[in-house]
Amino acid sequence: MGIRKAAFGVALLGALAMSGGAAVGQQADPPPFFVPPDMGRGRAELPSQPPDVPYVPTPQVVVDAMLELGEVKEGDMLYDLGSGDGRIVVTAAKNLGVRGVGIDINPERIQEAEANARQAGVENLTEFREEDLFKADFSEATVVTMYLLPSVNNRLKPRLLSELKPGTRIVSHAFDIEGWEPQRVVEVDGRTLYLWVVPENPSQARGPR
């Protein structure tokens with residue numbers, strides 16, 4: 001299983017290089033509030049450091065399924081790690097009235113996300129931070145979503161277990177977390193989604209038996 005996922009990650013990077021980094025396979029459908037980047041603004045500011053993960057938009061049907069799998073509801077505090085154009089945070093705010101924070105290292109993605117939040121009328125519920133995932137504070141989250149690579153998930157695992165409150169739900173698109181068996185795995189539109197719930201004791205996060 002680990003070899004297959006690693007190979008998928010390599011294929012993902014290769015496909016991005018061939019397609020200019022826009023998408024892998026079918027182009028993800030933009031949500032109805034999506035605002036394309038304003039090409040008239042000129043070249044966007046470059047990230048302060050190379051991103052750990054290439055930008056691949058999540059199809060809207062998968063966004064909706066991730067929020068459903070995480071049982072996201074009003075009163076939750078959602079953090080999306082590697083938030084891209086902000087569609088998960090904006091969808092949760094617009095459709096569910098949920099406050100959310102998106103974290104991304106790329107300032108161009110932050111600009112797009114803020115524009116999408118304005119277009120959807122949810123600026124009061126959303127915030128987008130240009131930060132390094134490994135340094136950002138996401139401890140107030142009750143739900144975490146992510147579409148990262150296996151190596152990044154695994155590097156984040158100690159922080160997810162030690163800094164998030166017990167009961168916090170974690171939903172990952174496409175990749176699991178090594179050594180931590182998910183509570184649920186679902187298939188949506190050909191994509192795999194994983195759900196974990198942070199245990200009372202981090203030692204309770206074990207791999208498959």
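A salt bridge here is a side-chain nitrogen of Lys or Arg within 4 Å of a carboxyl oxygen of Asp or Glu. One example joins arginine 129 to glutamate 127, with N and O 3.0 Å apart. Before going further, please keep in mind that this is a predicted model, in which local features need pLDDT of at least 70 and side-chain atom pairs count only at pLDDT 80 or more, while totals for chains, interfaces and linings use all residues. Residues are numbered from 1 along each chain as its sequence is written, and side-chain values use heavy atoms, with hydrogens and water left out.

Let us stay with that first pair for a moment. Burial is judged by relative accessible area, with buried meaning under 20%, exposed over 50% and partly exposed in between (1.4 Å probe, protein chains only). Arginine 129 has a value of 19% and is buried, whereas glutamate 127, at 38%, is partly exposed.

The salt-bridge rule gives a count of seven. Another of these bridges links the side chains of arginine 109 and glutamate 112, at 2.7 Å from N to O. To place this pair we need the secondary structure, where helices (H or I, at least four residues) and strands (E, at least two) are DSSP runs numbered from the N terminus. Both residues lie in helix H4 (residues 107–120), three residues apart, which is about one turn of the helix. Arginine 109 and glutamate 112 are both buried.

A bridge with a longer reach along the sequence is the one between arginine 169 and aspartate 76, whose closest N and O atoms are 2.7 Å apart. Arginine 169 belongs to strand E5 (residues 169–173) and aspartate 76 to the loop between helix H2 (60–69) and strand E1 (77–81), so this pair ties together parts that are 93 residues apart in sequence. Arginine 169 is buried at 13% relative accessibility, and aspartate 76 is buried at 6%. Lys73 joins Asp76 and Arg169 in a network of salt bridges.

What does the side chain of aspartate 76 reach at 2.9 Å? The partner is the backbone nitrogen of lysine 73. Aspartate 76 also makes side-chain polar contacts (pairs of N or O atoms within 3.5 Å; within protein, one must be able to donate a hydrogen and the other to accept it, and residues adjacent in sequence count only if both atoms are side-chain atoms). One of these goes to the side chain of threonine 142, at 2.8 Å, and another to the side chain of arginine 169, at 2.7 Å. Aspartate 76 and threonine 142 are 66 residues apart in sequence, yet their C-alpha atoms are 5.7 Å apart in space.

Now for the nonpolar side of the picture. In soluble globular proteins, nonpolar side chains tend to be buried together. A nonpolar core is a set of buried Ala, Val, Leu, Ile, Met, Phe, Trp, Tyr and Cys residues joined through side-chain atoms within 4.5 Å. The largest such core has 31 residues, and Leu81 and Ile170 touch the most other members. Elements giving two or more residues to this core are E1, strand E2 (99–104), strand E4 (143–146), helix H5 (150–163) and E7. H5 gives the most, with four residues. A second, separate core of 17 residues includes Ile88, Val143, Val171 and Val188.

Isoleucine 170 is a good place to look around. Leaving aside neighbours within four places in sequence, isoleucine 170 has contacts (heavy atoms within 4.5 Å) that include Val144, Leu160, Trp180, Tyr194 and Trp196.

The aromatic residues in that list lead to the ring pairs. Rings of Phe, Tyr and Trp (its six-membered ring) pair if their centres lie within 6.5 Å, and planes under 30 degrees apart count as stacked, over 60 as edge-to-face and the rest as tilted. There are two aromatic pairs in the structure. Tryptophan 180 and tryptophan 196 make a tilted pair, 5.9 Å centre to centre with 45° between the planes. Since tryptophan 180 lies in the loop between E5 and strand E6 (184–188) and tryptophan 196 in strand E7 (residues 191–197), the pair ties together parts that are 16 residues apart in sequence. Tyrosine 194 and tryptophan 196 have ring centres 5.9 Å apart and planes at 20°, so this pair is stacked. Ring pairs thus link Trp180, Tyr194 and Trp196 into a cluster.
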